[in-house]
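Colleague: I should be grateful for some guidance on reading a model of a protein with its ligand. May we begin with the backbone and then turn to the ligand?

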Amino acid sequence: MADKKTSGNSSGRGARDLRVKVKSARGRKLSSTRWLERQLNDPYVKRAKAEGYRGRAAFKILELDDKFRFLVPGARVVDLGCAPGGWCQVAVKRVNALGEKSGKKIGTVLGVDLQEVEPIAGAQTHQLDFMSDDADEKVKEWLGGEADVVMSDMAAASSGHKQTDHLRIIALCEAAAYLAFDVLTPGGTFVAKVLAGGAEGDLQKLLKQKFEKVVNMKPPASRSDSSEKFVVATGFRG
Ligand SMILES: C[S@@+](CC[C@H](N)C(=O)[O-])C[C@H]1O[C@@H](n2cnc3c(N)ncnc32)[C@H](O)[C@@H]1O
């Protein structure tokens with residue numbers, strides 16, 4: 001990368017500012033330059049690389065699970081909108097899908113995404129538009145039984161219009177919730193990404209009828225300038 005430099009700061013306090021600055025370049029939009037600069041300076045991006053995760057999103061599900069403990073050995077997990085695969089990688093480890101934790105139950109992970117997913121050891125993945133007519137039936141067929149966890153990080157490509165993006169993500173989230181109502185075992189957990197924006201109230205109402213507890217959380221790995229948050233519904237009533 002020709003136009004990247006690390007800025008040093010000799011303020012006398014002994015601390016060095018190691019923030020990577022990216023110079024603007026002809027042909028690259030300012031928004032792309034900012035995105036690149038943010039990626040290069042994001043500690044979660046660095047951690048993802050160091051720990052072998054396919055993206056910084058992995059830390060969101062790790063932090064949600066650290067709090068709510070739904071990815072337990074033996075759990076059967078459905079991951080909607082799973083590409084490139086960070087959440088699946090976390091789930092495979094935590095539910096012991098590869099049988100690496102001896103003496104612990106072995107779980108399963110099924111991931112689907114609009115995009116093709118590079119194979120993930122321990123997970124079964126399929127390319128599927130979850131909003132297509134027979135998507136639910138296909139997922140149920142691949143799952144071949146009940147699930148303990150349905151999680152969705154699905155997000156449609158940004159339209160640039162905040163309210164449109166919000167409505168789209170709520171539609172994805174509702175579709176994920178209806179699959180969860182169909183396949184979750186009693187006591188199961190539903191986790192989904194939503195964007196704060198007003199229309200999520202109906203979804204919350206619906207979830208409160210079906211689950212013992214419904215909580216919203218913004219994990220530390222979720223960027224503070226993003227309106228995303230996660231709804232975690234535990235104790236499916238069946
Ligand atoms: C933020 S990414 C998910 C990141 C993922 N959790 C991870 O850890 O790698 C959102 C994903 O939702 C997927 N998606 C959006 N709409 C979808 C749909 N209708 N059906 C299936 N996947 C969808 C996108 O293709 C994208 O890969």
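Modeller: Certainly; please bear in mind that this is a predicted model. Let us begin with R69, which is placed in the loop between α3 (58–68) and β3.

Colleague: What is the phi of R69?

Modeller: In general, most residues other than glycine have a negative phi. R69 has a phi near 55°, a positive value although the residue is not glycine.

Colleague: Which residues does a cis peptide bond join?

Modeller: As a general idea, most peptide bonds are trans. Here the bond joining A83 and P84 is cis, with omega at about 0°. P84 belongs to the loop that runs between β3 (76–80) and α4 (86–94).

Colleague: How is the protein chain divided into domains?

Modeller: Domain 1 covers 1–41, and domain 2 covers 55–236. A separation of domains may be read from their C-alpha centres, which for domain 1 and domain 2 lie 34 Å apart.

Colleague: Let us turn to the ligand. In which pocket does the ligand sit?

Modeller: The ligand occupies the largest pocket. Its surroundings comprise 20 residues, of which G85, D113, D129, F130 and D153 are the closest.

Colleague: How many residues of each class does the shell around the ligand have?

Modeller: Twelve residues of the shell are nonpolar, while four are polar and four are charged.

Colleague: Which polar side-chain atom lies 2.8 Å from a nitrogen atom of the ligand?

Modeller: A polar contact is read from a pair of N or O atoms within 3.5 Å. In this case the side-chain atom belongs to D129. The backbone also takes part: a polar backbone atom of W87 is 2.9 Å from an oxygen atom of the ligand, and a polar backbone atom of C82 is 3.5 Å from a ligand oxygen atom.

Colleague: How much of the ligand's exposed area does the protein bury?

Modeller: One starts from the ligand taken alone, which exposes 600 Å². The protein buries 87% of that area.

Conventions. Residues numbered from 1 in each chain as written. Predicted model: local features only at pLDDT ≥ 70, side-chain atom pairs only at ≥ 80, totals over all residues. Heavy atoms only, no water. Near = heavy atom within 4 Å. Polar contact = N/O pair within 3.5 Å; in protein donor to acceptor, adjacent residues only side chain to side chain. Areas by Shrake-Rupley, 256 points an atom, 1.4 Å probe, with all protein chains shown as cover. 1 Å grid on protein atoms, 1.4 Å probe; cavity = no way out; pocket = protein on both sides within 12 Å on 5 of 7 lines; lining within 4 Å. Sits in = over half its atoms within 2 Å of the grid points. Nonpolar A, V, L, I, M, F, W, Y, C, P; charged D, E, K, R; others polar. Domains from an automatic or database assignment. Helix = DSSP H or I, 4+ residues; strand = E, 2+ residues; numbered from the N terminus.
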